[in-house]
Every structure is written in structure tokens, then in C-alpha cells.
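Okay, thanks for coming, everyone. I'll put the structure up, and then we can walk through it together.

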Amino acid sequence: MSSHAAPALGTVTALQSALAAEHAAVYGYGVAGAYLSGGQQATATTDWVAHQVARDRLEAMLRSAGASQPTAAVAYQLPMPVRNAREAVALAVVLEDRVATAYLGLVALSNTAIRQYGAQQVQASALRAAAWRGSTVAFPGLTSAALAAPRPPGSH
Amino acid sequence: MLAAAAMLPLAAVSGCDGVDVLAAPPSPAPDVTVLREAIAAEQLLITSYTAVLRDAGKAGGSPASLTAVLEPLLAEHREHLSQLKSRLVIPAGSAASPSPTRRAAPPKAPGAGSAGVAFLRAAEQAAAAAMLDRLRGAPGSLAQLYASISASEATHVPVLDAAAAGTTSQVTG
């Protein structure tokens, strides 16, 4: 993203939403990793680092755009209780699904470079989610509402 | 503006004098053409999966385990196809065909057993990349669908890798 032209408000909002999702993922993997061991813990560590890298990239993009960068919360309300390895794996799946949804917000933008970056990150999240879930899904990141909504003429 | 673009010929006819009714129909908007290509690509994948599943029983080995791996992936491709088709609006009375303007080449015989799985793996990789190429210029909501389908197809690759290695119990990690 160029620092010479102010990005559209929608672009900044989408980048900030993706950054917020990455902050939550970094926190969540920290919790999940504590309940995992062996290969699963190693995978969680790898994924945790991947989210840190993505977080830093988004912060740089927002900084370059002259936009504010949401900071990480001290703690996050987890979407479910995490008390054992099985629940830690379930948390990792939810985190990845939410990150994928946030990056689809970038895909909706008209900026080609940001759109492609968003799509790459959706794919990365989908691969991590599938690894944790042990199965695949047809539409990573897309909500059921987005899939079910009828599209009147001219809505695209 | 897929639906709006498809409506354009009707609007033009209703508002003009001396319309040449024998003129060639206007070309579909570029995003309609791309959407039809995406539909054709999904149909091709479905055809390939169906062929490999059909031949699985002929190849010996353990067709039941291969079927258990491939059937869910095939089901996801059918969902992809259904969603893509739902984005294509053909106005009533239009002569436009729902079939793609540029048909993909028919697939080679995928082969059976491990050869079939290898064929599907390559097809999934190519399809995921091609779907990303369709992002440029696509309307926002359609771009999101392309990106999500591309991601789904990318996740099929490690599943097929595991199937090829005979370890279908877990995708990775």
C-alpha cells in the first residue's frame, strides 16, 4: 500500500478488522498451546508464529497508510472453555475460521494487491484449520449468511 | 454487476428505435465470462472425481477407503458448483446459455487408484491457483466466493497427499 495516497475508509476498516482477528489468534494460540503436547504443541507454536508475522504485516500496512493500528487487548474472552487438549484443538479451529473471515474482508476490496494478500491469508488459515479439524470445509471463512443471501439483480 | 449486465440488452432494446433484431447478441460482461469459466472448472473437477471413484473398484486395493476420502471432497465441489451457479442470473427470455462461453478441455482419463489420486491432486492445485486468478476485477462478493473456494481446494491437496501415502486418518499435524 502506498503511503502517498490516503486509503479509503473501507480499506482501513478491513485492515483493522484483520489485525484485530490476528491479535485474538495470537492470544488464543497462547492459551491453546498450554494444553497441547508433542506434535500438536509444535504445530500450535508454528501457527502462533505465523499469526505473529501476519499481525506485524498488517500493522506495517496500516502504519504505511497513516492509519491507527488497534492494539492487542490484555486478555480475550475465549469463545469456549479450554481445559484440555481436545478443547484446545477446537479453539484453534475457531480462531482460524475467524481469521479467514476477517481476511475475506480484504478480498472484497478493489485494491488488487490487498485483495490478493487477503486471499493468500484465507488459504493459509483454511489449511491450518483443516489440519486441526482433521477434515475440510467447502467455504472457508464464508458465513452461512453470506452463502444463503439471495442476490437481487445489480447487487454485485 | 453480473445480473445488471445480463439485463443490459433488454434495456437497450426497449429504449431505442430501429433496433436490428438480427444483430449478433452482445458479448457477456467480462465478469460473467469469468464466472462461467469458474463453473466449467468446477464441473471438470466433479467429472474427474466421479471418474476416479467409478474406477476405484476396478483397480483393486481398498476402494472403500479411497471412496471414504474422495466422496467428501466431491461433495464440497458440488457445493462450490451450486454456489457459483447461483451467482449467474440469466434473464427470463434471454437466449443466453448457462454453459460457459469458453469450455475447458475434457479431462484426460484420470486413471485408477494411486494414479487417479495423483491426477486429482494436480487438478486441485491447478484449480486453486486458477480460482485466485479470477479475483482481479471481480465484484467484491464474488471475489470472496472465489477466494473461499480456492482455499477449500487448497485444503484438498494435503488430504489427497495423505490418501496417496495410505494415511487417511489425519490431514496433517
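Let me jump straight in at α3(B), which has 24 residues and reaches 34 Å from its first C-alpha to its last, close to the 34 Å expected at 1.5 Å a residue. One caveat before I go on: this is a predicted model. Now, α3(B) does have a bend of about 25 degrees, located at L70(B), and there's a proline, P72(B), that follows within four residues. So which residues of α3(B) are buried? You've got L66(B), L70(B), L73(B) and L84(B), but also E76(B), H77(B) and H80(B). Notice that L70(B) shows up twice here, as the place of the bend and as a buried residue. As for partners, the buried residues of α3(B) pack against α2 and α5 of chain B.

Let's move along to α4(B). That one has 21 residues and reaches 31 Å end to end, C-alpha to C-alpha, close to the 30 Å expected at 1.5 Å a residue. Its buried residues are G116(B), V117(B), F119(B), L120(B), A123(B), E124(B), A127(B), M131(B) and L132(B). And what do they pack against? Within chain B, α2 and α5, and across in chain A, α4.

Next up, α5(B), residues 140-165. With 26 residues, α5(B) reaches 39 Å from first C-alpha to last, close to the 38 Å expected at 1.5 Å a residue. Right after α5(B) comes G166(B), and its phi is positive, near 80 degrees.

Okay, zooming out for a moment. Chain B has 5 helices and 0 strands, and from the N terminus on, the elements run α-α-α-α-α. Of its 173 residues, 33% are buried. If you take contacts in chain B with a separation of 6 or more, 77% of them are between residues 24 or more positions apart.

Chain A also comes to 5 helices and 0 strands, in the pattern α-α-α-α-α along the sequence. There, buried residues make up 42% of the 156 residues. For the contacts in chain A with a separation of 6 or more, the share from residues 24 or more positions apart is 69%. The C-alpha trace of chain A spans about 45 × 35 × 25 Å along its principal axes. Why say that chain A agrees with a compact globule? Because a compact globule with 156 residues would have a radius of gyration near 15 Å, and chain A has 16 Å.

Now, how do the two chains meet? The contact takes 35 residues from chain B and 32 residues from chain A. On the chain B side, the elements giving two or more residues are α1 (2-15), α3 and α5. The largest share of that side, 14 residues, comes from α5(B). By class, the side of chain B that touches chain A has 18 nonpolar, 13 polar and 4 charged residues.

That brings us to the core. The largest nonpolar core has 78 residues, and the ones touching the most other members are A18(A), A92(A), Y103(A), V107(A), V122(A), Y146(B) and A147(B). Both chains feed into this core: α1 (9-34), α2 (38-64), α3 (85-107) and α4 (112-133) of chain A, plus α2, α3 (63-86), α4 (113-133) and α5 of chain B, each supply at least two residues. The largest share, 12 residues, comes from α3(A). As general background, nonpolar side chains in soluble globular proteins tend to be buried together.

A147(B) is a nice one to click on. Leaving out residues up to four places away in sequence, A147(B) touches L104(A), V107(A), G118(A), A119(A), V122(A) and L135(B).

Two more residues and I'm done. A88(A) sits in helix α3 of chain A. Buried or exposed? A88(A) counts as buried, because it has 22 C-beta neighbours inside 10 Å. Its contacts, again skipping residues up to four places away in sequence, are A32(A), Y35(A), L36(A) and V82(A). A88(A) and Y35(A) are 53 residues apart along the chain, with 6.3 Å between their C-alpha atoms.

And then Q43(B), in helix α2 (residues 30-56) of chain B. Q43(B) is partly exposed, because 18 other C-beta atoms lie within 10 Å. From Q43(B) to V89(B) is 46 residues in sequence and 18 Å in space, C-alpha to C-alpha.

Note on methods:
Residues numbered from 1 in each chain as written. Chains lettered and ligands numbered in written order. Predicted model: local features only at pLDDT ≥ 70, side-chain atom pairs only at ≥ 80, totals over all residues. Buried ≥ 20, exposed ≤ 12 C-beta atoms within 10 Å, placed from the backbone. Expected span 1.5 Å × (residues − 1). Core = buried A, V, L, I, M, F, W, Y, C linked by C-beta atoms within 7 Å. Contact = placed C-beta atoms within 7 Å. Nonpolar A, V, L, I, M, F, W, Y, C, P; charged D, E, K, R; others polar. Rg over C-alpha atoms; globule rule 2.2 N^0.38 Å. Bend = angle between axes of the 7 residues up to and from the residue.
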